[in-house]
Amino acid sequence: MPWSGFQPSWRPGCRSKRSTQRASRNGQPFSRASHEQAALSNRLERGSNHPDAANVKAGTGPERRIRQALHRRGHRFRALLPIVVSGVRVRPDVVFTRRRLAVFVDGCFWHCCPEHGINPRVNVTYWVPKLERNRVRDNLVNLALAAAGWRAVRVWEHVTVEQAVAAIEAALEKGERAS
Ligand SMILES: [Zn+2]
């Protein structure tokens, strides 16, 4: 892999690693374990912001509502347009090609939102590396975009459509002033 030398660091809110160590040291299952396991399975089943679920992602959820709101406000953009930046293939949720602005709506679970990211305490050998790969990938994508002269806006799926649109419009306006 071209980015194997990339050194990950944990986001402050993503405490899965520590929880994993604690769980394995005392060897006791947490009482919430089965509840969390059910939550994890539900997230998988209903589709999510995971790259593998891109076809699900295209049609539903916060991404769609944000795109609709942007369109209503007169913005024209490409949805889920694959772009190759610095040799990395990226598929942002919203792409402003001329402005070189890529928007990602990050799922709280898959991208370890500090407010809603779940610390996996069950199947840790499965979940922790999976979530860690996503986080490393996010960093790689941000770096690749920046190196190619693109800007990235990341909004959490938990923010309101209005907040997301405001963040995107602020970025567009900033780009306009800079050019
Ligand atoms: Zn969240």
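These legends go with a set of close-up views of one predicted protein model.

**Figure 1. The whole chain, before zooming in.**
The model is predicted, with a pLDDT that averages 78 over the protein and reaches at least 70 for 66% of the residues. The low end includes residues 1-13, where pLDDT stays under 50 and the model has 21 contacts beyond four places in sequence. Residues 16-33 also sit below 50, and that stretch has 15 contacts in the model beyond near neighbours in sequence. Take the placement of both stretches as predicted at pLDDT values under 50. As for the fold, the protein has six helices and six strands, and walking along the sequence gives α-α-α-α-β-β-β-β-β-α-β-α. Of the 179 residues, 43% are buried. Among contacts with a separation of 6 or more, 65% join residues 24 or more positions apart.

**Figure 2. The zinc site and its four protein donors.**
Here the zinc ion is held in view with C108 (SG), C113 (SG), H116 (ND1) and H158 (ND1), the protein donors, at 2.0 to 2.3 Å. What geometry do the four donor atoms make around the zinc ion? It's tetrahedral, because the angles they subtend run from 104 to 121°, and the cut-off for that label is that all angles lie between 85 and 135 degrees. Along the chain, the donor residues follow the spacing C-x4-C-x2-H-x41-H.

**Figure 3. The two zinc-donor cysteines, seen up close.**
Are C108 and C113 buried or exposed? Both are buried. C108 has a relative accessible area of 3% and C113 comes in at 0%, so each falls in the buried class, which means under 20%. If you're wondering about sulfur pairs elsewhere, the structure holds zero disulfides.

**Figure 4. W110, tucked into a loop.**
W110 belongs to the loop between strand 5 and helix 5. With a relative accessible area of 3%, W110 is buried. Follow the chain on to E132, 22 residues apart from W110, and the two C-alpha atoms turn out to be separated by 9.2 Å.

**Figure 5. N123, in the loop between strand 5 and helix 5.**
N123 sits in the loop that runs between strand 5 (101-106) and helix 5. What is the sign of phi at N123? Phi is positive, near 50°, and N123 is a residue other than glycine. N123 is partly exposed, at a relative accessible area of 43%.

**Figure 6. Helix 5 from end to end, and what follows.**
Helix 5 covers residues 124-147, and its 24 residues at 1.5 Å a residue should span 34 Å; the end C-alpha atoms are 34 Å apart, so expectation and model agree. A147 is part of helix 5 and counts as exposed, at 64% relative accessibility. Its C-alpha atom and that of S86 are separated by 6.7 Å, although A147 and S86 are 61 residues apart along the chain. After helix 5 comes G149, which has a positive phi near 85°.

**Figure 7. G87, between two strands.**
Where does G87 sit? It's in the loop between strand 2 (83-85) and strand 3 (88-90). G87 is exposed, with 70% relative accessible area. A148 is 61 residues apart from G87 in sequence, yet their C-alpha atoms are separated by 9.5 Å.

**Figure 8. L80, a buried loop residue with positive phi.**
L80 lies in the loop between strand 1 (78-79) and strand 2. Its phi is near 50°, a positive value in a residue other than glycine. At 12% relative accessibility, L80 counts as buried.

**Figure 9. E169 and the residues it touches.**
E169 lies in helix 6, which takes in residues 161-178. Buried or exposed, for E169? Buried, since its relative accessibility is 18% and the buried class means under 20%. Leaving out residues up to four places away in sequence, E169 touches R73 and H75.

Conventions
Residues are numbered from 1 along each chain as its sequence is written. This is a predicted model: local features need pLDDT of at least 70, side-chain atom pairs count only at pLDDT 80 or more; totals for chains, interfaces and linings use all residues. Side-chain values use heavy atoms; hydrogens and water are left out. pLDDT is the predictor's confidence in each residue, from 0 to 100. Contact means heavy atoms within 4.5 Å. Helices (H or I, at least four residues) and strands (E, at least two) are DSSP runs, numbered from the N terminus. Buried means under 20% relative accessible area, exposed over 50%, partly exposed in between (1.4 Å probe, protein chains only). Donors are N, O and S atoms within 2.8 Å of the metal (3.2 Å for Na, K and Ca); water is not among the atoms, so sites may look incomplete. Four donors count as tetrahedral if all angles lie between 85 and 135 degrees; four count as square planar and six as octahedral if opposite donors are over 155 degrees apart and all others between 65 and 115; anything else is irregular. The expected span of a helix is 1.5 Å times one less than its number of residues. A disulfide is a pair of cysteine sulfur atoms within 2.5 Å.
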